[in-house]
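This report concerns one protein chain and its model. It treats overall composition, then a helix, then the aromatic and charged side-chain pairs.

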Amino acid sequence: MRTQRTRTRSTLAAAGLAVLLTLSACGGEDEAGQPQELSETEHNKADITFATDMIQHHAQAMSMVDLTMDRTLEPEVQELADAIRAAQSPEIETMSGWLQEWGEEVPSTMRDHVNGGHEGHGGEDSSMSDSMEGMDHDMPGMMSADEMDALENASDAEFRDMWLEMMIEHHEGAVEMSETEQDEGRFKPAVDLAGTIIESQTKEIDTMEKLLG
């Protein structure tokens, strides 16, 4: 009887130790999963990736906005296009400045090539697909060269809805990229910009979905 009680106590003690070890391990995982402390001066690889990719991503959105210039659009759509231009152009300049300060290469964008002809368009023989040579198409929400050509060549009747649908997808990609920066970035100004992008582009997605009806 005494032996049985001893065994029982030993079993309970072992079980209790196992629980404590498990809780301790879980606590370690929680600590490891905590977001790192942000810095006003230090940056990490996630910050570099965010700035590098978002410059190219924003530039494509700006090229899509450029395509609205020769179209007759309802005021609400034109106001949206103007708002996108007003927000994203200075953001591109800000992120380019960060990369220069960090000694990183500022990426070439499709808009650099398009504007090699004249503002908003390439030469007569150029196309959106020509301007996207060498660009990274794997980012979330990034349009392919064929999709950009289709938008550029769409009829007036097709353009408006096609533009809104593509821009919604594009914005959703930017939000996804910004959420990654918030999770993994260290440079506080970049993390703050990611929050601004999430807020502003989520609102614009809602507006575009309403315009599509």
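Of the 213 residues of the chain in this predicted model, 41% count as buried. The exposed surface of the chain comes to about 12,000 Å², and carbon and sulfur atoms account for 49% of that area. The secondary structure consists of eight helices and zero strands, and reading along the sequence gives the pattern α-α-α-α-α-α-α-α. Contacts between residues at least 6 apart in sequence are dominated by long-range ones, since 77% of them join residues at least 24 apart.

## Helix α2

Helix α2 comprises 22 residues, 45-66. From its first C-alpha to its last, α2 reaches 32 Å, close to the 32 Å expected at 1.5 Å a residue. The helix is mostly covered: of its 22 residues, 20 are buried. At the start of α2, a side-chain oxygen of N44 comes to within 3.1 Å of the backbone nitrogen of A46.

Is H57, a residue of helix α2, buried or exposed? With a relative accessibility of 1%, H57 counts as buried, because the cut-off for a buried residue is under 20%. Leaving aside residues up to four places away in sequence, H57 touches M139, P140, G141 and M142. Its further contacts, under that same exclusion, are H170, G173, A174 and M177.

## Aromatic pairs

Three aromatic pairs are found in a search of the whole structure. In one of them, the ring centres of W98 and F187 are 5.4 Å apart and the planes stand at 90°, so this pair is edge-to-face. W98 belongs to helix α3 (residues 75-101), whereas F187 lies in the loop between α7 (156-184) and α8 (188-212). The pair therefore ties together parts of the chain that are 89 residues apart in sequence. Both W98 and F187 are buried.

F187 also forms an edge-to-face pair with W102, with 5.3 Å from centre to centre and 85° between the planes. W102 is placed in the loop between α3 and α4 (110-114), and F187 in the loop between α7 and α8, so this pair ties together parts that are 85 residues apart in sequence. W102 is buried, as is F187. Through these ring pairs, W98, W102 and F187 are linked into a cluster.

## Salt bridges

Side chains of opposite charge can pair when their charged atoms come close. How many salt bridges does the structure hold? The structure holds six salt bridges, and the table lists some of them with the N to O distance.

| Salt bridge | N to O distance |
|---|---|
| D66 and R85 | 3.2 Å |
| K188 and D192 | 2.8 Å |
| K203 and E199 | 3.6 Å |

The bridge between D66 and R85 links distant parts of the chain, with D66 in helix α2 and R85 in helix α3, 19 residues apart. D66 has a relative accessible area of 0% and is therefore buried. R85, by contrast, counts as partly exposed at 24% relative accessibility.

The remaining pairs in the table lie within a helix. K188 and D192 both belong to helix α8 and are four residues apart, about one turn of the helix. An α-helix has 3.6 residues a turn, so residues three or four places apart point the same way. K188 is partly exposed, with a relative accessible area of 30%, and D192 is likewise partly exposed, with 38%.

K203 and E199 also lie in helix α8; because they are four residues apart, about one helical turn separates them. Which class does each partner fall into? K203 counts as exposed at 51% relative accessibility, because the cut-off for an exposed residue is over 50%. E199, at 48% relative accessibility, counts as partly exposed. Elsewhere, salt bridges that share partners join E74, R160 and D161 into one network.

Methods: Residues numbered from 1 in each chain as written. Predicted model: local features only at pLDDT ≥ 70, side-chain atom pairs only at ≥ 80, totals over all residues. Heavy atoms only, no water. Helix = DSSP H or I, 4+ residues; strand = E, 2+ residues; numbered from the N terminus. Buried < 20%, exposed > 50% of the residue type's maximum accessible area, 1.4 Å probe, protein only. Contact = heavy atoms within 4.5 Å. Areas by Shrake-Rupley, 256 points an atom, 1.4 Å probe, with all protein chains shown as cover. Expected span 1.5 Å × (residues − 1). Polar contact = N/O pair within 3.5 Å; in protein donor to acceptor, adjacent residues only side chain to side chain. Phe/Tyr/Trp six-rings, centres within 6.5 Å; stacked < 30°, edge-to-face > 60°. Salt bridge = Lys/Arg side-chain N within 4 Å of Asp/Glu carboxyl O.
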